[in-house]
Amino acid sequence: MTKAPLRANGLDGGLELWTWPVLATTSTLFLVGCFARFFQLVLAPGYAELARPQPRLFDLTLSWFESSGAMIQRAVLLLSLLLVAGIQATHYGAAFKFAELVVVMGLYCGLGLAWYYEGRIRKSMLAYFILQFCVLAFFLALRRHLMLTTGFWTPEYDVWASLVVSAGLAGSKEHFDVKPREVRLPLMSTLFALPVLAMAWVLVHGLGSNTALLVVGMQSLIFAYMGKGDRESPYRVVAIAGFVVFILLFFWTKLELRVVPAYVLPVGLGVLVLLQMLRNRVIPEARNQIRLVTVLSMLGSTGYSALLDEEYTLAFLGVFSLLCLMSMGLGSFLRVRIYLLLGFCGLVVAIGVIFYRVSNTMDRGPRMTVIGSIILLVGAALVFGAIYYKTHREQLISRYQTWRERLSGWE
């Protein structure tokens, strides 16, 4: 692989004339600002005891450092950060010389440490956000230099780096949870922003479906790990949303499914799981309405293909029947009546459609025989049921009351 040139002609050639002077000036300003704060905190008391009968400009400067060292340092830190970031931005298409790269990365290290102590002293959330920016800029400077000079770094490595950072933050969660809010919030903001940035990076650079599935799957596992032990944790909400997106991407890119139920069912299941997790935070009326709309959407999307559209095979009818059975089982397990009712009604409809399609393929004679037999069985069952009800009326009423009381306790 041919290495990219370190410098290009034209504008990049002009960068050499002022890059090093600006970096040297920025480094000097940074050191002066740090010394001003150090002098104010450490050296000022001892220097005040020295006899200075004829103060010089040097003494006036140190007196200014003593009275305004903190303000001077903050102003210098902001100015230094703007200068070095501006230099890095103008050199995006041209590689730094080795000495320039060392100074740039050294400045970001020094600025990061300075903002860290600034955040600790002033309890400033902004300082910790700037600290994270310095860390990111340090990585970007090294990454861009490798891309321009060696071709070693590729966009896929950016994705892996984001996953490593996310895993590191997740592993340090217990340590950061005991930190003050101004420390914890910037780190958590970064943790939530990384999946979005990684997916945007995958889409912009066209890294393919495998990389997208890797990002979504790994980030979902990371958030699931962070939400362990807390059912209502926001990390679990993000994890479930990530798993739903993973399934949708897999259906679209790998299985190439182009039917509505393949995408409505995972979303519906995700909504129902989230609703069950956060049921204590949602009022009962809203819970019932969300359940009704969600289950009807799931059954409706599957039912159209299974019951009405004759172009699809009986596999869709099997999926619809299985979905109804799952709804009934879920209603019994969670004690939710709406699941049980909708599942039972859908299953009855599915059985009716199956009978209609099977009988429709028969000849007229066998079909009439089957229909007549069913009518006879239904009539016999009604007669037998009426006789049984009259002879066991009290027992049936008692069982009915028992089930009614039991179901009345369900949601």
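This is a chat about pockets, ring pairs and one alanine in a predicted model.

Trainee: Hi! Where should I look to begin with, say at the largest pocket, and what is its volume?

Mentor: Good place to begin. The model is predicted, and its largest pocket has a volume of about 1300 Å³.

Trainee: How many residues line the largest pocket, and which lie nearest its centre?

Mentor: The lining is made of 47 residues. Nearest the centre you'll find Gln-132, Val-135, Leu-136, Thr-190 and Leu-194.

Trainee: And which elements give two or more residues to that lining?

Mentor: Those are helix 2 (57-90), helix 3 (98-122), helix 4, helix 5, helix 6 (173-177) and helix 7 (181-205).

Trainee: Which helix gives the most?

Mentor: Helix 4 does, with 14 residues of the lining.

Trainee: What does the lining of the largest pocket look like by class?

Mentor: It has 32 nonpolar residues, along with eight polar and seven charged ones.

Trainee: OK, on to the second largest pocket. How much space lies in there?

Mentor: About 320 Å³. It is lined by 18 residues, and the closest to its centre are Phe-251, Pro-261, Ala-262, Leu-265 and Pro-266.

Trainee: Which helix has the largest share of that lining?

Mentor: Helix 10, which supplies seven residues. Helix 9 (234-254), helix 10 (261-277) and helix 12 (314-334) each supply at least two.

Trainee: How do the residues of that lining divide into nonpolar, polar and charged?

Mentor: For the second largest pocket the split is 16 nonpolar, two polar and no charged residues.

Trainee: Let's change topic. How many aromatic pairs does a search of the whole structure find?

Mentor: There are 12. One of them joins Phe-139 and Trp-153, with 5.6 Å centre to centre and 70° between the planes, which makes the pair edge-to-face.

Trainee: Which parts does that pair tie together?

Mentor: Phe-139 is in helix 4 (residues 125-149), while Trp-153 is in the loop between helix 4 and helix 5 (155-171), so the pair connects parts that are 14 residues apart in sequence.

Trainee: Is Trp-153 buried or exposed?

Mentor: Trp-153 is buried, because its relative accessible area is 16% and the cut-off for buried is under 20%. Its partner Phe-139 has 29% and is partly exposed.

Trainee: What about Phe-152 and Tyr-157, how are their planes set?

Mentor: Their planes are at 55° and their ring centres 5.6 Å apart, so that pair is tilted. Phe-152 is partly exposed at 49%, and Tyr-157 is partly exposed too, at 34%.

Trainee: Which residues do ring pairs link into a cluster?

Mentor: Phe-35, Phe-39, Trp-64 and Phe-65.

Trainee: Nice. Which ring does the charged end of Arg-144 sit over?

Mentor: The ring of Tyr-92, at 3.8 Å from its centre. You can also look at Arg-258, which lies over the face of Trp-252 at 3.7 Å from the ring centre.

Trainee: One more topic, Ala-224. Which helix does Ala-224 lie in?

Mentor: Helix 8, which covers residues 209-226. Ala-224 counts as partly exposed, with 30% relative accessibility.

Trainee: And what is Ala-224 in contact with, leaving aside neighbours within four places in sequence?

Mentor: Ala-239 and Phe-243.

Trainee: How far apart are Ala-224 and Val-238 in space?

Mentor: They are 8.0 Å apart, C-alpha to C-alpha, and 14 residues apart in sequence.

Technical notes:
Residues are numbered from 1 along each chain as its sequence is written. This is a predicted model: local features need pLDDT of at least 70, side-chain atom pairs count only at pLDDT 80 or more; totals for chains, interfaces and linings use all residues. Side-chain values use heavy atoms; hydrogens and water are left out. Helices (H or I, at least four residues) and strands (E, at least two) are DSSP runs, numbered from the N terminus. Buried means under 20% relative accessible area, exposed over 50%, partly exposed in between (1.4 Å probe, protein chains only). Contact means heavy atoms within 4.5 Å. Rings of Phe, Tyr and Trp (its six-membered ring) pair if their centres lie within 6.5 Å; planes under 30 degrees apart count as stacked, over 60 as edge-to-face and the rest as tilted. A charge sits over a ring if NZ of Lys or CZ of Arg is within 6 Å of the ring centre and within 35 degrees of the ring normal. On a 1 Å grid over the protein atoms alone, a cavity is a set of points where a 1.4 Å probe fits but cannot get out, and a pocket is an open set with protein on both sides within 12 Å along at least five of seven lines; lining residues have an atom within 4 Å of a point. Grid points are joined across faces, edges and corners, and a volume is the space filled by probe spheres set on the points. Ala, Val, Leu, Ile, Met, Phe, Trp, Tyr, Cys and Pro count as nonpolar, Asp, Glu, Lys and Arg as charged, and the others, Gly among them, as polar.
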